[in-house]
Amino acid sequence: MRHRAGVWARQGTSGGDMNMHIDNVETKLITREILLGFWKVHILHHAKEGPVVGMWMLQELRRHGYDLSPGTLYPLLQRMEQNGWLRSESNPGGGPKSRKNYYLTKKGKRVLNFVKDRLRELWEEVGDETAKREN
Ligand SMILES: [Zn+2]
């Protein structure tokens, strides 16, 4: 599903308009409470496939419908590095000084696997329930 501006949610009530637009205040709350975690999973996943750079990660998250700014992403990458999930290399291959490559650490890999198990478990319940309601 694609979300361009704001987040669309399914209304649990009967028939009619199934989609209800969530306002900006609510979107900010959802972002802080839930989506931040999703982004971290995305980052861990992509860092597992190869080194990631901030600008590319921003575009990738946009492709997924998450419109976040560098001012949100960079502190997040920094925190993940402080947690020991990522390590960064500045100026790889003599490129621009501000460019940083982020790599997944062994700890990060363990975190990703752990989260994926929880995600699978969650989806078994939440995902199946969605399917039931739609049928
Ligand atoms: Zn992705």
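**Core, zinc site and helix packing**

Of the 23 residues that make up the largest nonpolar core, Trp39, Ile43, Leu73 and Leu86 touch the most other members. At least two residues of this core are supplied by each of H1, H2, H3, S4 and helix H4 (106–134), and the largest share, seven residues, comes from H1. The model described here is a predicted one. When residues up to four places away in sequence are not counted, Leu73 touches Ile43, Gly54, Met57, Leu58, Leu61 and Leu68.

Several of these contacts lead to helix H2, in which Gly54, Met57, Leu58, Glu60 and Leu61 are buried. These buried residues lie on the same side of H2, because they cover an arc of only 165° around the axis. The partners against which the buried residues of H2 pack are H1, H3 and strand S4 (100–104). Just after H2, Gly65 takes a positive phi of about 95°.

Glu60, one of the buried residues of H2, also takes part in the zinc site, where the protein donors of the zinc ion are His42 (ND1), His46 (NE2), Glu60 (OE) and His64 (NE2), at 2.2 to 2.7 Å from the ion. The angles among the four donor atoms range from 73 to 156°, and the site of the zinc ion is square planar. Along the chain, the donors of the zinc ion are spaced as H-x3-H-x13-E-x3-H. Distant parts of the chain are linked by the pair His46 and His64, which are 18 residues apart, with His46 in helix H1 (residues 24–49) and His64 in the loop between helix H2 (54–63) and helix H3 (70–82). As for accessibility, His46 has a relative accessible area of 10% and is therefore buried, whereas His64, at 28% relative accessibility, counts as partly exposed.

A further buried position is found outside the helices, since Thr105 has its place in the loop between S4 and H4. With a relative accessible area of 18%, Thr105 falls under the 20% limit for a buried residue. A polar atom of the side chain of Thr105 lies 2.6 Å from the backbone oxygen of Gly84. Neighbours within four places in sequence being left aside, Thr105 is in contact with Gly84, Trp85, Leu86 and Arg87; among these, Leu86 is also one of the core residues that touch the most other members.

Key:
Residues numbered from 1 in each chain as written. Predicted model: local features only at pLDDT ≥ 70, side-chain atom pairs only at ≥ 80, totals over all residues. Heavy atoms only, no water. Donors = N, O, S within 2.8 Å, 3.2 Å for Na, K, Ca; no water. Tetrahedral: all angles 85-135°; square planar, octahedral: opposite > 155°, others 65-115°. Helix = DSSP H or I, 4+ residues; strand = E, 2+ residues; numbered from the N terminus. Buried < 20%, exposed > 50% of the residue type's maximum accessible area, 1.4 Å probe, protein only. Arc of directions from axis to C-beta. Contact = heavy atoms within 4.5 Å. Core = buried A, V, L, I, M, F, W, Y, C linked by side-chain atoms within 4.5 Å. Polar contact = N/O pair within 3.5 Å; in protein donor to acceptor, adjacent residues only side chain to side chain.
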